[in-house]
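The exercises below are meant to be worked with the coordinates open beside the text. Each one sets a task and then follows it with a solution in steps.

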Amino acid sequence: MTSQDHDIDLHDPDAGGVFFVIEEDLDPLGAQGASQGLFVARTSLQGCTGKDELLRRLKASWRLPAEFGDNWDALADAVNDLDWLEGSGYLLLFDHADDLREASEEDFDILLDILDEAAESWQEDGKPFFAFFAMPESAFNDPDF
């Protein structure tokens, strides 16, 4: 996806899911989501080395409740119940996603799995849920990606 390819309907719950884009796509996607009334959160993964740092950053950018449990199960529960957030749906943007992937591919994959399962659940509930991970263009040519 490039900034010219934003033909995705962010209001369509059935179009939701987890997507990979280039860094330049995040600002237009965020603007589009905000203009459509979605809750938009941007989380920088620059220099993120693993789960503990990731959860700390998500707690801040997603405005997770104080009682958030700082573990994968708590994250899965939270992302499937975002009632404390205002919006007609959810748009989660991650910049520098390759930093986390390179530092801890296992944690990166767990995050993707949690968000993918949440997207399916939100589709069943009829509420838009999108997660966009910005990767360098070279990642799209990597056969292991």
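**Exercise 1. Establish how β1 is paired, and place it within the sheet.**

Solution. In this predicted model, β1 and β4 run parallel and are joined by five bridges. One pair can be checked residue by residue, since V21 has A134 of β4 as its bridge partner. Extending the search to the other strands gives an open sheet of four, in the order β1-β4-β3-β2, with parallel pairing. The edges are taken by β1 and β2, each of which has a single partner strand, so one side of each is left without a neighbour in the sheet. From one strand to the next, the twist averages 15°.

**Exercise 2. Determine which residues of helix α1 are buried, and what they pack against.**

Solution. Taking under 20% relative accessible area as the criterion for burial, one finds that L26, L29, G30, Q32 and G33 are buried in α1, which spans residues 26–35. These residues cover an arc of only 165° around the axis, which puts them on the same side of α1. The other side of the helix carries D27, A34 and S35, which are exposed. The next step is to look for the partners of the buried residues, and these are β1 (17–21), β2 (39–44), β3 (90–95) and β4 (129–134). Just after α1, G37 adopts a positive phi of about 85°.

A second helix can be placed against the strands as well: α5, residues 105–125, lies across β1, β3 and β4, and runs at about 155° to β4.

**Exercise 3. Locate salt bridges in the structure, and state where their partners lie.**

Solution. A search of the whole structure returns four salt bridges. One of them joins the side chains of R42 and D95, at 3.3 Å from N to O. Because R42 belongs to strand β2 and D95 to strand β3, the pair ties together parts that are 53 residues apart in sequence. As for exposure, R42 is partly exposed at a relative accessible area of 35%, whereas D95 is buried at 9%.

Turning to helix α2 (residues 51–61), E53 and R56 are three residues apart, about one helical turn, and they form a salt bridge whose closest N and O atoms are 2.5 Å apart. E53 also forms a salt bridge with R57, with 2.7 Å between the closest N and O atoms. R57 is buried, its relative accessible area being 16%, while E53 counts as partly exposed at 22%. Finally, salt bridges that share partners join D27, R42 and D95 into one network.

Methods
Residues numbered from 1 in each chain as written. Predicted model: local features only at pLDDT ≥ 70, side-chain atom pairs only at ≥ 80, totals over all residues. Heavy atoms only, no water. Buried < 20%, exposed > 50% of the residue type's maximum accessible area, 1.4 Å probe, protein only. Helix = DSSP H or I, 4+ residues; strand = E, 2+ residues; numbered from the N terminus. Arc of directions from axis to C-beta. Contact = heavy atoms within 4.5 Å. Pairing = 2+ DSSP bridges. Axes fitted to C-alpha atoms, helices over the stretch in contact; angles between N-to-C directions.
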